[in-house]
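Let's take a walk through this assembly together, one interface at a time. Have the viewer open and rotate along as you read.

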Amino acid sequence: MRYEAPTSTKVAAALLAKEKGKAFVLAGGTDLLVRMKAGMVEPDLVVDIKRIPATQIIKKSDSGFKIGAAVSGASMGENKALKKAWPGVVEAANLIGSDQVQGRCTMAGNLCNASPAADSVPALVAAKAKAAVVGPKGRRTVAVEDVVTGPGRTSLKKGEIIESISLPKRVAKSGDAYLRFIPRTEMDIAVCSAGVNLTLDSKGLVKSARVALGAVAPTVVLVEDAADAIIGTKLDDESLAALSAACEAACSPINDKRGTVEFRTEVAGVLARRAAKIAYQRAGGK
Amino acid sequence: MSGVHVSTTVNGDAVEFVCPPGETLLDVLRNRLNLIGAKEGCGTGDCGACSVTVDGRLVCSCLVLGAEVEGAKVGTVEGMAEGGELHTLQSKFIEHAALQCGICTPGFLVAAKALLDRNSDPSEEEIRYALAGNLCRCTGYDKIVRAVDAAAKQLATDATKSGKKSKRR
Ligand SMILES: Cc1cc2nc3c(=O)[nH]c(=O)nc-3n(C[C@H](O)[C@H](O)[C@H](O)COP(=O)(O)OP(=O)(O)OC[C@H]3O[C@@H](n4cnc5c(N)ncnc54)[C@H](O)[C@@H]3O)c2cc1C
Ligand code: FES
Ligand code: FES
């Protein structure tokens with residue numbers, strides 16, 4: 001195995017593209033090194049992206065927040081402006097692993113590892129986040145929900161790297177939230193999860209919303225029917241019941257020792273309802 | 001496979017080593033630098049026995065490559081005592097019998113120090129959350145939590161006594 005730590009994304013992409021053997025991006029390494037240790041992957045080349053300045057910054061601008069692909073969960077949690085604008089995204093990223101894992105783990109790595117249970121992904125999808133991808137043929141922008149195509153699989157082509165993840169401009173009266181179910185209080189993989197992001201109008205009615213579920217399908221699912229169920233409402237019981245029902249209808253989870261199909265389906269609906277209430281409150285709704 | 005040459009700082013000392021590109025920081029510390037405080041419990045990020053800091057951030061050294069610490073500042077349990085005097089956390093661990101076999105102890109000490117560095121007055125719940133990435137098969141955790149709490153209080157008292165705003169760490 002060779003280790004490279006270039007200082008530009010272009011060079012990193014070129015290194016990955018020209019490697020004939022197995023090549024991997026290394027961000028926080030909290031998935032990659034575990035898989036290397038287990039012998040599940042045997043890289044010929046590892047390209048560490050942490051020396052690339054563009055991957056290390058959290059930048060606020062008129063068009064929203066740009067979060068570099070090497071920014072750790074811990075640094076996201078320390079950024080007050082980001083936390084204020086996108087509390088749901090930050091709380092989702094901060095749920096990943098222990099304090100030790102937080103010191104390293106990244107949202108881009110969480111996304112590219114392509115686990116159906118990845119904690120930051122439902123929150124990113126609900127937030128309508130976009131990934132800035134740099135490859136041997138140049139740059140492109142991809143919606144986060146289009147990056148993962150199945151468990152462990154992404155739409156990224158050979159040599160392509162996510163350089164940063166962008167969250168859209170935050171309009172007034174908006175809020176987001178992420179909840180997961182785990183049997184413990186810390187250090188576990190989501191049995192199911194839900195991310196909700198919404199904006200209210202001047203009367204306090206939900207103007208727009210996005211609802212995304214994790215660990216209930218091969219990829220994170222964006223449930224448009226669930227969003228439609230709460231748009232135009234103040235989250236009364238009836239619309240929340242409709243939101244839960246829409247979420248349940250969108251679930252096609254696996255059955256395993258951590259949760260049955262029935263359990264995951266029902267709890268996903270409950271979490272979405274609770275996350276919607278938190279997001280509503282954060283948006284200033286009463 | 002050619003080795004990677006790395007210049008770094010460990011507990012304030014400039015250090016150089018050559019390691020295979022796939023070798024973890026944990027193996028570098030233990031097998032090349034003879035710093036055997038950090039332990040390998042699992043090798044997969046679950047137990048925290050290998051906890052160290054890299055540029056002030058708490059990490060599992062089993063999930064960091066040696067090659068990644070080029071130019072970085074690494075802190076290990078060996079750097080906690082100052083001039084033969086134990087760090088308050090270390091003496092409180094002894095006083096409260098917060099260890100039995102001791103395998104997990106260096107990791108807990110490093111993680112607890114990282115906690116107190118950013119939160120000098122943690123609640124019991126905050127202590128338990130901050131140490132959730134460290135596993136102990138012997139103590140049942142209670143004594144560890146009490147030792148960390150006692151250390152936080154002691155450090156606060158010391159700081160008031162010495163009249164300094166910043167605490168000795
Ligand atoms: C003890 C422990 C607990 C954990 N708990 C959780 C948890 O609660 N929730 C959860 O969701 N996950 C959890 N994880 C998994 C892991 O920490 C997360 O998925 C993390 O976000 C991965 O980020 P990373 O930067 O460490 O990724 P890496 O390991 O660096 O990379 C992961 C994969 O993505 C690729 N990749 C990384 N960055 C890019 C990029 N910018 N462009 C293209 N490809 C890229 C890599 O090549 C690799 O295949 C845990 C892991 C451990 C060890
Ligand atoms: S040895 Fe690193 S976490 Fe267990
Ligand atoms: S004292 Fe034995 S593992 Fe903690």
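How many residue pairs are in polar contact across the interface of domain 1 of chain A and domain 2 of chain A? The rule finds 12 such pairs, with both residues of each pair at pLDDT 80 or more. Please keep in mind that this is a predicted model, and that every contact described below is read from it.

Let's look at where those domains lie. In chain A, domain 1 covers 56-168 and domain 2 covers 174-282. Their C-alpha centres are 20 Å apart. The contact between them takes 25 residues of domain 1 of chain A and 23 residues of domain 2 of chain A. Together, these two domains bury about 1900 Å², and 59% of that area is on carbon and sulfur atoms. Three residues are worth selecting in your viewer here: Pro116(A), Pro122(A) and Ala126(A) supply 26% of the area that domain 1 of chain A buries against domain 2 of chain A, more than any other three residues.

The charged side of this interface can be followed too. Three salt bridges are counted between domain 1 of chain A and domain 2 of chain A. In chain A you can also find a salt bridge that joins the side chains of Arg282(A) and Glu91(A), at 3.0 Å from N to O. As for secondary structure, helix H5 (87-94), helix H8 (120-126) and strand S8 (148-150) of chain A each give at least two residues to the side of domain 1 of chain A that touches domain 2 of chain A. By class, that side of domain 1 of chain A has 16 nonpolar, five polar and four charged residues.

Now move over to chain B, which has a domain pair of its own. The domain assignment gives domain 1 of chain B as 4-79 and domain 2 of chain B as 88-161. The centres of these two domains, taken over C-alpha atoms, are separated by 22 Å. Here 12 residues of domain 1 of chain B meet 11 residues of domain 2 of chain B. The area buried between the two is about 890 Å², with 68% of it on carbon and sulfur atoms. What about charge pairing and polar contacts? Across this interface in chain B the rule finds zero salt bridges, but it does find three residue pairs in polar contact, both residues at pLDDT 80 or more. Strand S3 (residues 51-54) of chain B gives the most to the side of domain 1 of chain B that touches domain 2 of chain B, contributing three residues. The residues of that side are five nonpolar, five polar and two charged.

With each chain introduced, we can turn to how the chains meet. Chain B brings 29 residues to the contact, and chain A brings 27 residues. Chain B and chain A bury about 2200 Å² between them, of which 57% is on carbon and sulfur atoms. On the side of chain B, the residues that lose the most area to chain A are Arg57(B), Leu63(B) and Glu68(B), which together make up 29% of what that side buries.

Glu68(B) also appears among the charge pairs: its side chain meets that of Lys50(A) in a salt bridge of 2.5 Å, N to O. Across the whole interface of chain B and chain A, the rule finds five salt bridges and nine residue pairs in polar contact, both residues at pLDDT 80 or more. Strand S4 (57-60), helix H3 (105-118) and helix H4 (124-130) of chain B each supply at least two residues of the side that touches chain A. S4(B) has the largest share of that side, four residues. The side of chain B that touches chain A divides into 15 nonpolar, eight polar and six charged residues.

Our last stop is ligand 1. Which chains form its surroundings? Residues from chains A and B surround ligand 1, so the site is shared between chains. Of the 36 residues around ligand 1, those that come nearest are Val25(A), Thr30(A), Asp31(A), Thr106(A) and Asp119(A). Several polar approaches to oxygen atoms of the ligand can be traced as well. A polar backbone atom of Ala27(A) is 2.8 Å from an oxygen atom of ligand 1. From the side chain of Asn110(A), a polar atom lies 2.9 Å from an oxygen atom of ligand 1. For Arg180(A), an N or O atom in the side chain is 3.0 Å from an oxygen atom of ligand 1.

Methods:
Residues are numbered from 1 along each chain as its sequence is written. Chains are lettered from A and ligands numbered from 1 in the order in which they are written. This is a predicted model: local features need pLDDT of at least 70, side-chain atom pairs count only at pLDDT 80 or more; totals for chains, interfaces and linings use all residues. Side-chain values use heavy atoms; hydrogens and water are left out. Domain bounds come from an automatic or database domain assignment. Contact means heavy atoms within 4.5 Å. Buried area is the accessible area (1.4 Å probe) that two parts lose on being put together, summed over both. A salt bridge is a side-chain nitrogen of Lys or Arg within 4 Å of a carboxyl oxygen of Asp or Glu. A polar contact is a pair of N or O atoms within 3.5 Å; within protein, one must be able to donate a hydrogen and the other to accept it, and residues adjacent in sequence count only if both atoms are side-chain atoms. Ala, Val, Leu, Ile, Met, Phe, Trp, Tyr, Cys and Pro count as nonpolar, Asp, Glu, Lys and Arg as charged, and the others, Gly among them, as polar. A residue is near a molecule or strand if one of its heavy atoms lies within 4 Å of it.
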